[in-house]
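Subject: Structure handover

Hello,

Here is the structure we discussed, with some notes to go with it. Please load it before reading on.

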Amino acid sequence: MERTVYVNGSYVAETEARISVFDRGFLFADGVYEVTSVLNGKLIDFAGHLRRLRRSLNELALEMPCSDEELLAIHRALVEKNSLVEGLVYLQITRGAADRQFLFPKSTPQTLVLFTQARSLLENAEARRGARVVTVDDLRWGRRDIKTVQLLYASMAKMEAHARGVDDAWFVQDGMVTEGTSNNAYIVTREGTIVTRDLSSDILAGITRAAVLECARELQMKVEERPFTVEEALKAAEAFTTSATGFVCPVVEIDGTVLGSGEPGAVATRLRQAYIEASLNSAI
Ligand code: PDD
């Protein structure tokens with residue numbers, strides 16, 4: 001079935017949607033994006049995604065193209081027009097179309113695109129069996145706190161993981177894990193402490209990360225926000241990742257080393273349940 005997508009003020013069939021060949025998103029990856037998950041036709045943590053979008057735009061001297069209310073209305077209209085029950089809404093803002101030059105063009109209208117993707121999120125085979133990951137050098141740029149569309153190295157790392165017969169890759173910088181290709185990374189020590197890298201320009205401040213850490217604290221789980229080494233991860237009792245579309249996904253193997261029993265761990269399983277419950281309650 002053909003989707004309806006949103007491009008610069010219009011709702012159009014996906015085959016009719018047009019973007020200029022001069023769009024700086026296309027030529028320079030000069031744009032930012034957000035992915036908001038949808039459960040039961042409702043948006044999960046929309047306010048959080050909007051907050052981070054504003055920050056990403058601000059860091060790149062881009063402007064918010066419309067009001068928060070309009071953005072929410074567009075998200076909701078796309079969910080409705082595409083009869084989306086479960087999946088995601090993808091939003092992208094670029095600096096727009098201008099003759100190719102490295103300097104940012106002055107007063108070019110920005111490009112705003114949104115589309116939906118139907119996907120099963122609650123039932124997720126990887127979350128059920130637990131993901132297997134390998135570590136790879138973090139060769140991305142130094143402003144990973146900005147959610148830019150510059151995802152080529154993340155894509156290459158995920159391709160490498162699949163070529164090595166596993167699900168995903170965790171990035172490593174100076175011996176310390178930064179994050180996953182499209183998720184934040186966590187370990188649970190044998191003493192039961194959840195450890196995840198502290199926020200800085202080294203990682204994306206996951207919206208799911210914030211919500212899951214809140215769930216963990218409510219459940220009286222101990223949380224440490226600090227970098228952890230690959231060695232520490234290999235000795236961990238369990239591990240997991242968080243992202244808008246993966247929620248909390250247990251990790252059962254790192255670089256060929258099986259964690260614990262090789263089954264999704266108790267902490268990750270509990271947090272996945274708690275996060276989904278909280279999200280369903282607060283969805284809009
Ligand atoms: N990725 N780290 C990176 C590098 C990411 O790309 C993502 C999200 C996250 C988790 O952020 P959040 O919890 O806000 O989704 C962390 C999205 C889902 C994607 O690119 O599809």
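The notes below cover one sheet, the helix across it, and one serine.

This is a predicted model, in which local features need pLDDT of at least 70 and side-chain atom pairs count only at pLDDT 80 or more, while totals for chains, interfaces and linings use all residues. Residues are numbered from 1 along each chain as its sequence is written, and side-chain values use heavy atoms, with hydrogens and water left out.

Sheet. Six strands (DSSP E runs of at least two residues, numbered from the N terminus) make an open antiparallel sheet, ordered β2-β1-β6-β5-β3-β4. Its edges are β2 (10-13) and β4, each paired on one side only; pairing requires at least two DSSP bridges between two strands. Two bridges join β3 and β4, and Leu39 has Lys42 in β4 as its bridge partner.

Helix. α2 (residues 46-59; helices are DSSP H or I runs of at least four residues) lies across β3, β4 and β5, at about 175° to β3. That angle is taken between N-to-C directions, from 0 to 180 degrees, with axes fitted to C-alpha atoms, for helices over the stretch in contact (heavy atoms within 4.5 Å). Buried residues of α2 (under 20% relative accessible area, 1.4 Å probe, protein chains only) include Phe46, Leu50, Leu53 and Leu57. The buried residues also pack against α3 (68-81) and α6 (207-218). Just after α2, Ala61 has a positive phi of about 55°.

Serine. Ser243 sits in strand β13 (residues 238-243) and is buried, at 14% relative accessible area. Leaving out residues up to four places away in sequence, Ser243 touches Ser182, Asn183 and Thr208.

Regards

Methods: Buried < 20%, exposed > 50% of the residue type's maximum accessible area, 1.4 Å probe, protein only.
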